[in-house]
Amino acid sequence: GSSDLWVTTKSWDSTCQYADFKCSTKGYFKPKDSKTFKSLNNPFNVSYLGGYSVTGYYGEDTVALGDHIVLDDFQFAVAEDADITMAGMLGIGLKETEVQFLNNGTTYDNFMFALAKKGYINSPSYSMALGRNNEDGVFLLGAIDHSKYIGEIYKFPMVEVLPGNGVQYVALTLNGISAGGFKKSQNGSDYLWRSDLASGSTAAILDSGATSVILPSSIISQIRYAFDFETDYYSGMYYKNCSDINFHDFVSFDFQGFTVDIPLYYLVQKTQQYCVLYAYSSNIIVLGDVFLKAAYFVADYENLEIGIANGNLVAEDGTDENEIEVINGTMNIPTNSFYSSTYSAPSSTLYTNGLSAIYADTTVTYFSPTDVPLYYNLRDQIVTNANATNTLASCLLYTSDAADDMQRVDLGGRRII
């Protein structure tokens with residue numbers, strides 16, 4: 001995801017004229033009116049998924065998050081022009097995806113690293129539970145909320161996505177994708193069906209700035225066939241009647257032997273007539289909001305590690321202080337047994353066809369539900385939430401309102417849902 005904080009300026013007249021975006025209410029930053037702002041004469045330009053772009057320049061000022069966190073001489077970007085209607089964005093990615101690093105090879109302490117350096121958190125780390133439906137999720141700086149997942153949470157190493165570039169993204173090794181669900185047999189008993197759609201080894205990026213999942217077209221086609229979606233030959237989209245969506249169906253992602261299960265209805269977007277499979281095509285895998293809504297993950301930048309678990313889809317909103325554990329130096333969670341068997345980006349395949357090692361496998365295997373209690377747990381969660389989650393809610397990565405009180409930029413710390 002993004003690694004830079006940027007805020008809009010009043011000079012962004014084209015954006016302020018959008019009917020659904022009012023700068024007077026959303027807020028904007030006025031560099032000339034701030035007594036502590038200093039321009040760094042360093043250009044800023046970034047492009048996002050969907051073709052949106054932002055341009056401006058870097059500067060420094062005193063930045064606050066709420067009433068307790070104050071960062072003096074903090075570097076951020078002032079956006080002068082863009083084609084996206086946002087008051088700003090608070091990027092929390094690694095330094096290696098900062099625009100400055102991509103431009104000239106130098107990094108700076110972005111938000112996560114500045115918090116750790118100032119001692120507000122013990123290490124540059126965070127955990128995330130996006131929440132279900134349109135309800136707010138939970139984002140914790142430097143801590144884990146153990147109430148937000150079910151089963152075990154395991155530790156994995158971050159891996160390289162682009163060959164030779166080192167670790168740049170919150171990415172881990174993905175070894176397979178499968179489809180499954182519960183059905184009734186002729187005698188009325190439940191059985192779990194499962195079909196392996198892909199296997200091999202590749203990198204998967206976790207990114208709350210992406211609303212959908214991004215997969216190779218061959219894998220999207222496999223999902224389409226597994227759940228009997230029809231094809232719209234004019235648009236190329238896969239669709240089916242929403243009433244035909246089985247709330248017991250799911251798509252599983254295998255991370256080095258540990259499986260995260262995503263309800264199928266999280267992967268569809270409801271239109272006026274149908275439910276459309278909400279996935280985009282690329283050879284680089286990105287698991288966005290529709291995946292993260294059903295998962296729970298922790299990013300540890302100091303040790304370049306990820307903790308991941310199946311999300312608790314029926315967890316209470318907010319946080320329980322008794323369930324929160326501060327991250328001190330390293331995550332205090334079990335290490336995956338295949339921790340060392342990670343994906344290594346081959347220079348000859350990932351860039352052009354990074355999933356060449358993944359093959360189609362439509363073999364269906366049947367399991368007894370009593371042998372897989374996690375799936376029973378998932379099924380119960382799906383049934384609990386089934387009636388409330390047919391419409392996809394877009395979520396952008398930690399954006400905030402920005403205003404100037406003549407001394408500093410005040411960030412409200414709210415996420416736009």
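## The disulfide

Let us start with a bond you can find by eye: Cys242 and Cys275 form a disulfide, with their sulfur atoms 2.1 Å apart. The model you are looking at is a predicted one, and a search through the whole structure finds one disulfide. The torsion about the S-S bond of Cys242 and Cys275 is about 105°, so this disulfide is right-handed.

Where do Cys242 and Cys275 sit along the chain? Cys242 lies in the loop between β14 (238-240) and β15 (250-255), while Cys275 belongs to strand β18 (residues 275-277), so the pair ties together parts that are 33 residues apart in sequence. Cys242 is buried, with a relative accessible area of 16%. Cys275 is buried too, at a relative accessible area of 0%.

## The chain as a whole

Now step back and take in the full picture. The protein chain has eight helices and 26 strands. Of its 417 residues, 53% count as buried. The chain exposes about 18,400 Å², and carbon and sulfur atoms supply 47% of that area.

Contacts tell us how the sequence folds back on itself. Among contacts in the protein chain with a separation of 6 or more, residues 24 or more positions apart account for 71%.

## Strand β1 and its partners

A good place to explore in detail is strand β1, which covers residues 5-8 and includes Thr8. In a regular strand, side chains alternate between the two faces of the sheet. Are the faces of β1 covered or uncovered? Both are covered: Leu5 and Val7 on one side, and Trp6 and Thr8 on the other, are all buried.

Strand β1 has neighbours running in each sense. It is joined to strand β5 (residues 88-90) by three bridges, and these two strands run antiparallel; here the bridge partner of Trp6 is Met89 in β5. Three bridges also join β1 to β4, this time in parallel, and Thr8 stands opposite Ala79 of β4.

Thr8 has a relative accessible area of 1%, which is under 20%, so this residue counts as buried. Leaving aside residues up to four places away in sequence, Thr8 touches Gly27, Tyr28, Phe29, Ala79, Met86, Ala87 and Gly88. Ala79 thus turns up twice, as a contact of Thr8 and as the residue opposite Thr8 in β4.

## Strands β2, β3 and β4

Follow the pairing onward and you meet strand β3 (residues 53-65), which is mostly covered, with 11 of its 13 residues buried. Strand β2 (residues 38-47) pairs with β3 in the antiparallel sense over eight bridges. The pairing of β3 with strand β4 (residues 69-82) is also antiparallel, over 11 bridges.

Glu60 makes a handy landmark in β3. Lys38 stands opposite Glu60, and Glu60 in turn stands opposite Gln75 in β4. The hairpin of β3 and β4 has three residues between the strands, and in this hairpin Gly66 takes a positive phi near 65°.

## Two nonpolar cores

In soluble globular proteins, nonpolar side chains tend to be buried together. Here the largest nonpolar core has 73 residues, and those touching the most other members are Leu206, Phe253, Phe255, Phe291 and Ile308. A second, separate core of 14 residues includes Val54, Tyr58, Ala77 and Ile84.

Ile308 shows what such a position looks like. Not counting residues up to four places away in sequence, its contacts include Leu206, Phe255 and Phe291. Other residues that Ile308 touches include Glu152, Ile153, Tyr154, Phe156 and Leu172.

## Residues with a positive phi

Most residues other than glycine have a negative phi. Which values do Asn41 and Leu304 take? Phi of Asn41 is near 50°, a positive value in a residue other than glycine, and phi of Leu304 is likewise near 50°.

Their settings can be described one by one. Asn41 is found in strand β2 and counts as exposed at 73% relative accessibility. Leu304 lies in the loop between β21 (295-300) and β22 (305-311), and this residue is partly exposed, with a relative accessible area of 34%.

One further case follows helix α5 (residues 217-226), whose buried residues are Ile219, Ile220, Gln222, Ile223 and Arg224. Just after α5, Asp228 takes a positive phi of about 60°.

How values were computed
Residues are numbered from 1 along each chain as its sequence is written. This is a predicted model: local features need pLDDT of at least 70, side-chain atom pairs count only at pLDDT 80 or more; totals for chains, interfaces and linings use all residues. Side-chain values use heavy atoms; hydrogens and water are left out. Helices (H or I, at least four residues) and strands (E, at least two) are DSSP runs, numbered from the N terminus. Buried means under 20% relative accessible area, exposed over 50%, partly exposed in between (1.4 Å probe, protein chains only). Contact means heavy atoms within 4.5 Å. A nonpolar core is a set of buried Ala, Val, Leu, Ile, Met, Phe, Trp, Tyr and Cys residues joined through side-chain atoms within 4.5 Å. Two strands pair if DSSP finds at least two bridges between them. Accessible areas come from the Shrake-Rupley method with a 1.4 Å probe; for residues, only the protein chains shown count as cover. A disulfide is a pair of cysteine sulfur atoms within 2.5 Å.
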